[in-house]
Amino acid sequence: MQWEIFTTGGGYYLSDVFNMLAAYTSSGNFKNLLSIGVVIGVAWASINMAMGGSIGSSLKYVLVMVVVMGLTLGPKSSVVIIDKTSGPIPIYGIVDNVPTPVAMLGHYTSAVSYYLTGQMETLMQTPEDLTYQKNGMMFGASLLAQASTWRAVTPKIHENLVNFMQGCVIDATNLGHMD
């Protein structure tokens, strides 16, 4: 199974991390370490049961150990790293033999982040008619043109708007900074 991981400029680092993880979990040393952990766990459960513990708690421990070993460390997947900054073909690389839970977690977190980023970029994008004006302000001329139709809802807001127009906008017009 293949899982896609989305990134922007981090393809090199993710490739290194997933290659290290794939190499480490596929090595004989990792399997030996897991075997040692299983032997110590079974010994601990046996000692706990021999010292008056219940069979139920020991069986719960063994069941959790089997589930963790079988589901998290056994199955492997491929990870496709998609980096939007890597050129016209956004696939940075493919890494095989990555543990499936790590690949799933990376896929879902990066996919949600990628989707939310796309939505925010769409929402924060300026309309095409609001371009830079000659005074350097973004859509400033459009705002000033619409300022004549503003209506203040309270006397304080009306006073602030009048003071702003008289103190800032009219002075800039008199000084020749604006048309």
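This is a short walk through the fold of one protein, from the sheet to the helices packed around its first half.

Before anything else: the model is predicted. Please keep that in mind throughout.

Let's start with the inventory. The protein has 6 helices and 3 strands. Along the sequence, the pattern reads β-α-α-α-β-β-α-α-α. Of the 179 residues, 20% are buried. Now contacts. Take those in the protein with a separation of 6 or more: 58% of them join residues 24 or more positions apart.

On to the sheet. What is the strand order? The 3 strands line up as β1-β2-β3. The sheet is open, and its pairing is mixed. β1 and β3 are the edge strands, each pairing on one side only. From one strand to the next, the twist averages 25 degrees.

Now take the two pairings in turn. Strand β1 covers residues 2–7, and it runs parallel to β2 over 6 bridges. If you want a residue to click on, try W3: its bridge partner in β2 is V79. The other pairing joins β2 to strand β3, residues 91–99. This one is antiparallel, again with 6 bridges. Two positions help to fix the register here. I82 stands opposite I91 in β3. S77 has V98 of β3 as its bridge partner.

How much of strand β2 is buried? Look at residues 76–83: 7 of the 8 residues in β2 are buried. So much for the strands.

Next, the helices. Helix α1 spans residues 11–26 and lies across β1, β2 and β3. Against β3, helix α1 runs at about 20 degrees.

Then comes the step from α1 to α2. Two packed helices are described by the angle between their axes and the distance between the axes. For α1 and α2, the axes come within 4 Å and cross at roughly 60 degrees. The two helices are therefore oblique to each other. Which residues meet here? From α1, we have Y24, T25 and S26. From α2, we have G28, F30, K31 and L33. By class, this contact of α1 with α2 has 3 nonpolar, 3 polar and 1 charged residues.

Last pair: α2 with α3. Helix α2 is residues 28–50, and helix α3 is residues 55–73. Their axes come within 9 Å, with a crossing of roughly 170 degrees. Over 145 degrees counts as roughly antiparallel, and α2 and α3 are therefore roughly antiparallel to each other. What is the hand of the crossing? For α2 and α3, the crossing is right-handed.

Here is the residue list for that contact. On the α2 side, F30, L34, V38, G41, V42, A45, N48 and M49 take part. On the α3 side, their counterparts are I55, S57, S58, Y61, M65, M69 and L73. The residues of this contact of α2 with α3 divide into 11 nonpolar, 4 polar and no charged. Note F30 in α2: it appears in the contact with α1 and in the contact with α3.

To recap. β2 pairs in the parallel sense with β1 and in the antiparallel sense with β3. α1 lies across the three strands. α1 and α2 are oblique, while α2 and α3 are roughly antiparallel. That's the tour.

Definitions and conventions: Residues numbered from 1 in each chain as written. Predicted model: local features only at pLDDT ≥ 70, side-chain atom pairs only at ≥ 80, totals over all residues. Heavy atoms only, no water. Buried < 20%, exposed > 50% of the residue type's maximum accessible area, 1.4 Å probe, protein only. Pairing = 2+ DSSP bridges. Axes fitted to C-alpha atoms, helices over the stretch in contact; angles between N-to-C directions. Parallel < 35°, antiparallel > 145°, perpendicular 65-115°, else oblique. Left-handed = near helix turned anticlockwise from the far one by under 90°. Contact = heavy atoms within 4.5 Å. Nonpolar A, V, L, I, M, F, W, Y, C, P; charged D, E, K, R; others polar.
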